[in-house]
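Visitor: Could you walk me through one part of this protein up close? I'd like to see how strands line up with each other.

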Amino acid sequence: MPRIGAQRGFLSTALAIASLSLVRSTNARLADRSRVVKARGSRRDRDNLAIEGAAYRVKQGGDYDAQRPTAMAPTTRDIATRELKNEEFEPLIDYDNRQLRGSPHYEDPELFSRRLSSQLTGCCYTYKSYSAAKMCSLYKQDCESGETPSHDSGDQKCTQGGLSFIGISFSVNTASGNPYSYQLCDQFPMENIIDRNYNYVMSMDEDGWLVGGGYKSFDYSGKMPYIDSSHTELLRIGSMDTSKGGTTIEQVYAAMSSVSFAPFSVFPEYLKGGGGHHSGDGDNKDVPSSDVTLIVSIVNTYEDNDSYSSYENFLDQLFSAMYAVDGGACMDDHDTDPHVSMARGVKFKSSYHQQQYMYNANLEVAVWQSMYPKGTPIGSKGYASFPPGSRGNKQYVGYGNLYFFFDRANITKAWRPNRDLSNDESYYATLFTSGDTSSYYANTKNINFNYKGSGDGGGNYEHNPYAWKATMAMHDMTDGWLLPPNCEQEGETFFGIPLSRKSDSNLQASSTFQEQFDFENIIDRNYTYIKSFGTNHGWLVGEQIGNGAGSIVDKDTAHIPIFYTGTTNPDMGGISLSNLIKIAKKIEFGTLYIKPAFVFIDDNGHIKLQFEMDPNSALAYLYDNLCKMLGIAWNYDTPYNKEGVYTNCAMHAAGDRAKYGCGPDGSGVGGFCPQMTVAYSARFNSQAHAAAYLDKCNNYVDYWRSLYPSGVAVGTTKFCPSGGCLGLFLNRYDLFNVFKPDLGGSWVEYNGGSLQPTYSPAPTWKGGCDEPHNFHLDKCFRKRAKPPASKVVWDSLGSVGQFSVFLLAFMAVTLSISIFLARARKRRKKGESYMGFLFRDSKKKGKKKKKRKVRNEDLEEMMLDDVRSSRSRRSSKSRSKSRSRSKSEAHSRSDKSHRSSKSRSKSKSKRSSSRHTRHDRDDNYDEASPREERRQQLV
């Protein structure tokens with residue numbers, strides 16, 4: 001009974017220890033100000049400056065920060081003294097020790113990466129008690145009003161705009177485009193009318209060319225990797241939410257099933273520019289921004305001598321069918337003017353480049369007109385599945401189809417015409433793919449239609465790259481960039497903080513990069529306040545499948561852009577992706593803490609979440625180093641990095657610093673302003689709705705501010721578990737590489753997959769974390785608080801591994817106890833306790849080991865004697881053989897045996913005497929010569 005109780009007690013204790021080891025650690029790190037105050041002691045910040053910040057180090061006068069020299073105006077005496085020195089003026093610029101703008105002294109490039117290690121845990125202490133509304137006023141932003149729709153359907157019953165429609169697709173699949181694009185148009189090679197090589201175009205919005213095949217994920221321009229979405233609308237269905245006046249997909253399908261239509265022929269009219277877009281880049285209005293559109297028309301064809309054309313009959317049937325199924329009030333009351341939107345927010349390099357592009361593009365359209373003088377049905381002889389990705393639903397495409405577009409990039413249904421093509425229609429529909437069209441290109445040398453009113457004659461202008469400003473980094477992504485000098489191509493690649501997460505409302509393709517902020521609380525899924533969006537994009541924090549607005553169904557792309565690097569094409573002035581990764585791997589930055597400030601509507605009508613701009617935070621120091629290493633040469637400031645690779649296309653200057661950024665702590669002339677875009681061009685039902693929406697959002701921001709008063713380093717248990725990582729984005733859609741703080745390693749994180757991180761050692765300040773003054777720094781605190789290796793190994797086993805080790809140890813202990821008890825019962829003396837037997841048995845084993853050691857010494861000595869005896873036997877045997885050979889062969893066998901026995905007896909006596917002689921000789925070895933030893937052996 002006592003033994004069973006002891007075993008039960010041991011088992012319960014072990015299980016308790018195992019259960020404690022299964023407790024998980026915190027996903028991300030919260031800021032802790034207490035140890036900073038404790039390290040500071042009675043010393044108070046100088047004028048409330050942040051400890052270890054740039055301004056504080058200047059006051060302290062450390063070994064790496066010289067005190068800022070006081071700027072003084074020259075006196076009359078100074079000027080006179082200078083004139084007396086025969087105009088020996090000091091040089092204006094010291095090109096060997098150039099001072100970076102905004103820094104208190106010349107900064108040695110070797111200290112660039114070191115400066116980031118002196119960062120406190122957390123950020124944003126100055127405005128700790130401020131509310132979101134107060135922060136909004138400090139940042140001078142609008143948190144009370146928003147944009148309202150400029151036009152709508154005219155029906156008060158429609159309370160939500162929408163983008164779903166019925167139309168014709170001009171999608172093509174090209175080698176330079178997205179490999180998943182549909183091939184639904186064999187008639188018009190749309191890639192011939194776009195400028196993918198940037199010969200004429202300077203920049204566009206983030207979507208790029210909507211026609212011509214779409215974009216690949218690793219395109220140099222960093223455009224969104226969408227499939228080709230070129231189309232022309234015939235009827236705008238609008239919203240799909242019946243509670244807002246919309247029409248469901250089922251209603252559209254039911255209406256179209258009762259409509260009969262013949263193949264429509266499409267005729268290309270001309271390509272034009274213009275549109276209502278804006279520059280979006282501050283006060284620079286020298287380069288206009290416009291849309292590029294291909295105008296087409298539906299050819300009037302007549303069936304069986306009808307008085308109405310096929311297209312007119314189709315529209316009449318369609319509207320009747322939609323009314324029959326109770327179509328919503330948001331549906332348009334008339335058909336849409338046919339056109340193909342090609343690109344938005346386009347900025348050309350100059351008016352001359354715009355004229356050249358318009359001419360070349362319209363010359364291609366002129367070729368199409370000569371090929372199809374009466375238009376052509378649109379279609380393909382390939383196969384496709386609708387909606388995209390439904391492989392089991394592949395069908396022959398054919399010619400003359402109509403499609404239902406839930407959004408611009410998602411075709412969900414195709415309807416075939418009521419008859420096959422006629423001979424003429426079939427000839428034109430297959431002309432480009434089956435015939436030789438070179439004669440049409442050779443014979444078409446002039447443009448016989450007028451396109452001058454297409455935005456081509458809007459006056460003369462030319463982009464001046466030297467008018468570039470650092471504030472242009474805070475860019476409107478629905479518009480084109482104004483590029484800096486020596487940059488020939490735009491790019492959307494950037495460094496930033498990933499904030500996306502997977503939720504029930506979003507696509508399953510979304511990845512979870514943080515668990516600290518749930519942005520579902522600051523968006524209007526039910527469209528209570530918002531009526532529509534000005535672009536095809538809805539909520540950028542993830543759009544629902546089947547959303548009523550018909551916005552593009554995107555995954556969550558929430559992020560904070562920090563540094564735009566531009567194009568990854570070195571031949572166009574950019575920097576390659578591999579070089580960006582090499583440089584980022586060598587930047588030692590502290591843990592990146594962020595703190596929400598407020599939600600507002602910017603000047604472009606976009607909904608944004610502002611984060612606090614703390615010029616003394618780790619995020620600010622990271623921005624400073626990115627500017628020093630990758631910023632463009634500007635105002636006598638040049639970048640420097642150990643790789644020796646640079647870019648002309650970054651949207652940040654080498655001399656820019658975080659303290660020049662936005663907010664009350666910034667001067668407002670730089671490009672640092674941490675923001676997250678929630679939605680583009682949101683249009684509210686009214687100004688009252690806009691104010692109510694912003695008030696709701698900022699109330700939740702106040703909750704975040706109270707939850708994280710000193711900021712938070714975001715992450716998850718699987719992605720950046722320590723929090724505060726930096727990401728390299730190919731575009732808003734694709735996070736490619738992730739870098740841990742303090743040179744903790746980096747790994748590839750692309751398309752939901754990931755590779756194991758690589759690690760490298762991190763340099764420290766003089767003295768490093770052994771210096772007591774550095775104990776309160778975030779990096780040193782985490783190093784001192786690092787768990788022991790045994791705990792790390794134990795945690796790495798996981799729950800299954802830990803239980804297996806526990807079970808193995810428990811079985812080993814119980815087996816040892818069982819063996820001991822069985823042995824004790826057998827050999828224990830009468831009345832002897834188990835402990836007494838244990839001590840006696842252990843002492844007995846010790847004695848046995850000692851006796852065994854003595855026997856080994858005797859055995860070793862005996863083995864040495866045997867070796868010596870064997871040597872004597874061999875020597876005596878050789879002597880006997882030599883003597884026997886010297887005798888006469890005529891002696892009898894008996895004499896030989898007599899002598900041999902005699903010699904054996906002699907050898908025995910000599911062998912015994914030889915041992916004594918050798919023993920004596922060993923004692924006097926130094927006195928005996930080798931010859932004497934040999935002589936004694938022969939005797």
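Guide: Here's a stroll through some paired strands, starting with one strand and moving on to a sheet. This is a predicted model, where local features need pLDDT of at least 70, side-chain atom pairs count only at pLDDT 80 or more, and totals for chains, interfaces and linings use all residues. Residues are numbered from 1 along each chain as its sequence is written, and side-chain values use heavy atoms, with hydrogens and water left out.

Start at strand β13, residues 493-498 (strands are DSSP runs of E, at least two residues; helices are H or I, at least four; both are numbered from the N terminus). Six of its six residues are buried, meaning under 20% relative accessible area with a 1.4 Å probe, protein chains only. Strands of a sheet pair through backbone hydrogen bonds, either parallel or antiparallel. Two strands count as paired if DSSP finds at least two bridges between them. β13 runs antiparallel to β15 (residues 559-566), with six bridges joining them; there, I497 has I560 as its bridge partner. β13 also pairs with β21 (residues 726-729), antiparallel again, over three bridges, and F494 stands opposite F729.

Now hop over to an open sheet of five strands, in the order β3-β7-β6-β5-β8, with antiparallel pairing. Its edge strands, β3 (201-203) and β8 (376-377), each pair on one side only. Two bridges join β3 to β7 (residues 339-348), and S203 sits opposite K347. Helix α8 (residues 351-371) packs on this sheet, touching β5 (265-272), β6 (290-298) and β7; contact means heavy atoms within 4.5 Å. The direction of α8 makes about 165° with that of β5, using lines fitted to C-alpha atoms (for helices, over the stretch in contact) and angles from 0 to 180 degrees between N-to-C directions.

Methods: Buried means under 20% relative accessible area, exposed over 50%, partly exposed in between (1.4 Å probe, protein chains only).
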